[in-house]
Amino acid sequence: VNNIIMDSWECTENGMYEIAYKNTREKFKYRIHSIRDVIKEIACEQPDELCCNELMYYASNNIKLNGASILLYNDLLAEFATEHGDFYILPSSIDEVLFVPAVFVDYDARGLCTMVEDVNETCLEEEKFLSDSVYLFCAETKTLEIITE
């Protein structure tokens with residue numbers, strides 16, 4: 001929707017945001033699964049214990065299209081944090097993000113930024129690019145902060 005259409009509908013930018021937020025939540029339910037479960041679903045077999053664990057989670061919507069929009073759902077992020085504590089958000093693409101509980105990151109979190117940049121540069125189609133930034137969701141304050149290198 002561009003400004004001309006928005007003006008013809010006599011709607012403000014905030015009004016459009018509210019409508020889009022409500023419609024997206026109603027039509028595209030979120031899903032969060034461990035990476036282990038995602039591999040199991042795709043490969044139809046049990047992943048090797050050594051190569052895949054429950055420490056990383058795949059987050060998207062039910063159609064796996066433009067699913068990174070779930071980052072707008074602060075209540076979802078807070079719910080995940082209630083169960084897992086502080087966690088990092090790695091932008092995988094416009095279709096999904098990855099959640100990594102902070103308790104499992106035993107090295108400098110800025111290394112996650114390098115990892116995301118490397119994957120984006122070597123494995124991601126340009127039109128699916130979301131961000132090279134990594135974010136930390138704080139369970140206590142329910143806020144999102146960017147991790148800088």
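## Pairing and the sheet

Two strands count as paired when DSSP finds at least two bridges between them. With that in hand, here is a walk through this predicted model. The centrepiece for this report is an open sheet of six strands, ordered 1-2-4-3-5-6 and paired in the antiparallel sense. Strand 1 and strand 6 (143-147) are the edge strands, each pairing on one side only. Going from one strand to the next, the twist averages 30 degrees.

## Strands 1, 2 and 4

Let's start at the strand 1 edge. Strand 1 and strand 2 run antiparallel and are joined by five bridges. One pair to look for here is isoleucine 32, which stands opposite alanine 59 in strand 2. Moving on, strand 2 runs antiparallel to strand 4, and three bridges hold this pairing. Here tyrosine 57 has phenylalanine 99 of strand 4 as its bridge partner.

How much of strand 2 is buried? Five of its five residues are, so the strand counts as mostly covered, with buried meaning under 20% relative accessible area. The cover comes on both faces: Tyr57, Ala59 and Asn61 are buried on one side, and Tyr58 and Ser60 are buried on the other.

## Strand 3 and its neighbours

Strand 3 is mostly covered too, with six of its seven residues buried. Six bridges tie strand 3 to strand 4, and the two run antiparallel. They are also linked by a hairpin, which gets from strand 3 to strand 4 through two residues. Within this pairing, serine 93 stands opposite glutamate 96 in strand 4.

What about the pairing with strand 5? Strand 3 and strand 5 are antiparallel as well, with three bridges between them. Phenylalanine 87 is bridged to phenylalanine 137 in strand 5, while tyrosine 88 has leucine 136 of strand 5 as its partner.

## Helices on the sheet

Helix 5 (residues 110-123) packs on the sheet, where it touches strand 3, strand 5 and strand 6. The direction of helix 5 makes about 10 degrees with that of strand 3.

Helix 4 (residues 74-84) also has plenty to look at. Which of its residues are buried? The list is Leu76, Leu77, Ala78, Phe80, Ala81 and His84. These buried residues pack against strand 1 (30-34), strand 2 (57-61), strand 3 (87-93), strand 4 (96-101) and strand 5 (134-138). Just past the end of helix 4, glycine 85 adopts a positive phi of about 80 degrees.

## A nonpolar patch

Now for the surface. Val1, Ile5 and Trp9 make a nonpolar patch of about 330 Å². One of these, isoleucine 5, sits in helix 1 (residues 3-8).

Why does isoleucine 5 count as partly exposed? Its relative accessibility is 33%, and the partly exposed class lies between under 20% for buried and over 50% for exposed. That value also fits the patch cut-off, because patch residues need over 30% relative accessible area.

Key: Residues numbered from 1 in each chain as written. Predicted model: local features only at pLDDT ≥ 70, side-chain atom pairs only at ≥ 80, totals over all residues. Heavy atoms only, no water. Buried < 20%, exposed > 50% of the residue type's maximum accessible area, 1.4 Å probe, protein only. Helix = DSSP H or I, 4+ residues; strand = E, 2+ residues; numbered from the N terminus. Contact = heavy atoms within 4.5 Å. Axes fitted to C-alpha atoms, helices over the stretch in contact; angles between N-to-C directions. Patch = residues over 30% accessible without salt bridge, like charges linked within 9 Å, V, L, I, M, F, W, Y side chains within 5 Å. Areas by Shrake-Rupley, 256 points an atom, 1.4 Å probe, with all protein chains shown as cover. Salt bridge = Lys/Arg side-chain N within 4 Å of Asp/Glu carboxyl O.
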